[in-house]
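Student: I would like to learn how to read the features of a structural model. Could we work through one case together?

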Amino acid sequence: MFVFLAVAMVVVVGAVTLAVVGGGDSAALPEVAPEQLVDPLPVTRPLGRADVEALRLPVAPRGYRMADVDDALGRLGAELAERDARIAELESALAGARATAADRPDLFTKPGEEPRP
C-alpha cells in the first residue's frame, strides 16, 4: 500500500510540474499590458479639489509611471498659473475701483442724499 501511494504521489507531482513548466503549445504566462491612468483629470472644466484628491496614478515596477505623473503635474501647474493670472487681474480691477471710489465720494450715495465726507 505504501508503494502505491508513493508512486501515485510521484506521478501527480510530475504531472503538475510538466503542466506548469511547459506542457502546452502556448506560453506559460501572457504579457501583461502596462497600467494606464484610469481616471484622468477632466479636460472640459477647471480642476477642483475633489479632482486632485480623487486622482490615482498607476504604479509601475519601479514606482509611478513618469509620463502620467508629468501629465498630471503639467495640468495642475497650468491650472494654477491660470488662476494666479485671474486673481492678479481681479485684484488690479479692485484696486482701480477703490481708487475711483476714493476720488468720488458721491459715487455710492443715493440720489437726493448728501454725500458723506
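Student: Which element has the lowest mean pLDDT, and which the highest?

Tutor: pLDDT is the predictor's confidence in each residue, from 0 to 100. Among the elements of this predicted protein, strand 1 (residues 59–60) has the lowest mean pLDDT, at 77, and helix 3 has the highest, at 88. For the protein, the mean is 79, and 74% of the residues reach 70 or more. This is a predicted model, in which local features need pLDDT of at least 70 and side-chain atom pairs count only at pLDDT 80 or more, while totals for chains, interfaces and linings use all residues. Residues are numbered from 1 along each chain as its sequence is written, and side-chain values use heavy atoms, with hydrogens and water left out.

Student: How many helices and strands does the protein have?

Tutor: Helices (H or I, at least four residues) and strands (E, at least two) are DSSP runs, numbered from the N terminus. Here there are three helices and two strands, and along the sequence they follow the pattern α-α-β-β-α.

Student: What span should the 38 residues of helix 3 have?

Tutor: The expected span of a helix is 1.5 Å times one less than its number of residues. For the 38 residues of helix 3 that gives 56 Å, and the end C-alpha atoms are 55 Å apart, which agrees. Helix 1 has 20 residues and reaches 28 Å from its first C-alpha to its last, close to the 28 Å expected.

Student: How is burial read, and what is the count of buried residues in helix 1?

Tutor: Buried means under 20% relative accessible area, exposed over 50%, and partly exposed in between (1.4 Å probe, protein chains only). The count for helix 1 is zero among its 20 residues, hence a helix that is hardly covered. In helix 3, by contrast, Asp68, Ala72 and Glu79 are buried. Buried residues make up 9% of the 117 residues in the protein.

Student: What does the protein surface consist of, and which residues form a nonpolar patch there?

Tutor: Accessible areas come from the Shrake-Rupley method with a 1.4 Å probe; for residues, only the protein chains shown count as cover. The protein exposes about 10300 Å², of which carbon and sulfur atoms supply 65%. Patches are made of residues with over 30% relative accessible area and no salt bridge, with like charges joined within 9 Å and nonpolar side chains (Val, Leu, Ile, Met, Phe, Trp, Tyr) within 5 Å. Phe2, Val3, Val7 and Val11 form such a nonpolar patch, with about 450 Å² of accessible area together. Of these, Val7 has its place in helix 1 (residues 2–21) and is partly exposed, at a relative accessible area of 48%.

Student: How many salt bridges does a search of the whole structure find?

Tutor: Side chains of opposite charge can pair when their charged atoms come close. The criterion is a side-chain nitrogen of Lys or Arg within 4 Å of a carboxyl oxygen of Asp or Glu. The search finds five. One of them joins Glu53 and Arg49, with the closest N and O atoms 2.8 Å apart.

Student: Why are Glu53 and Arg49 separated by about one helical turn?

Tutor: An α-helix has 3.6 residues a turn, so residues three or four places apart point the same way. Glu53 and Arg49 are separated by about one turn because they are four residues apart in helix 2. Glu53 is partly exposed at 47% relative accessibility, whereas Arg49 is exposed at 67%. Glu89 and Arg86 meet in another salt bridge (3.0 Å, N to O); both lie in helix 3 (residues 66–103), three residues apart.

Student: Is Asp68, the partner of Arg65, buried or exposed?

Tutor: Asp68 counts as buried, at 9% relative accessibility. Arg65 is partly exposed at 22%, and the closest N and O atoms of this salt bridge are 3.4 Å apart.

Student: Which residues does Arg75 touch?

Tutor: Contact means heavy atoms within 4.5 Å. Not counting residues up to four places away in sequence, Arg75 touches Leu41, Pro42, Val43, Arg45 and Leu47. Arg75 lies in helix 3, and its C-alpha atom is separated by 9.3 Å from that of Val43, 32 residues apart along the chain. Among contacts in the protein between residues at least 6 apart in sequence, 40% join residues at least 24 apart.
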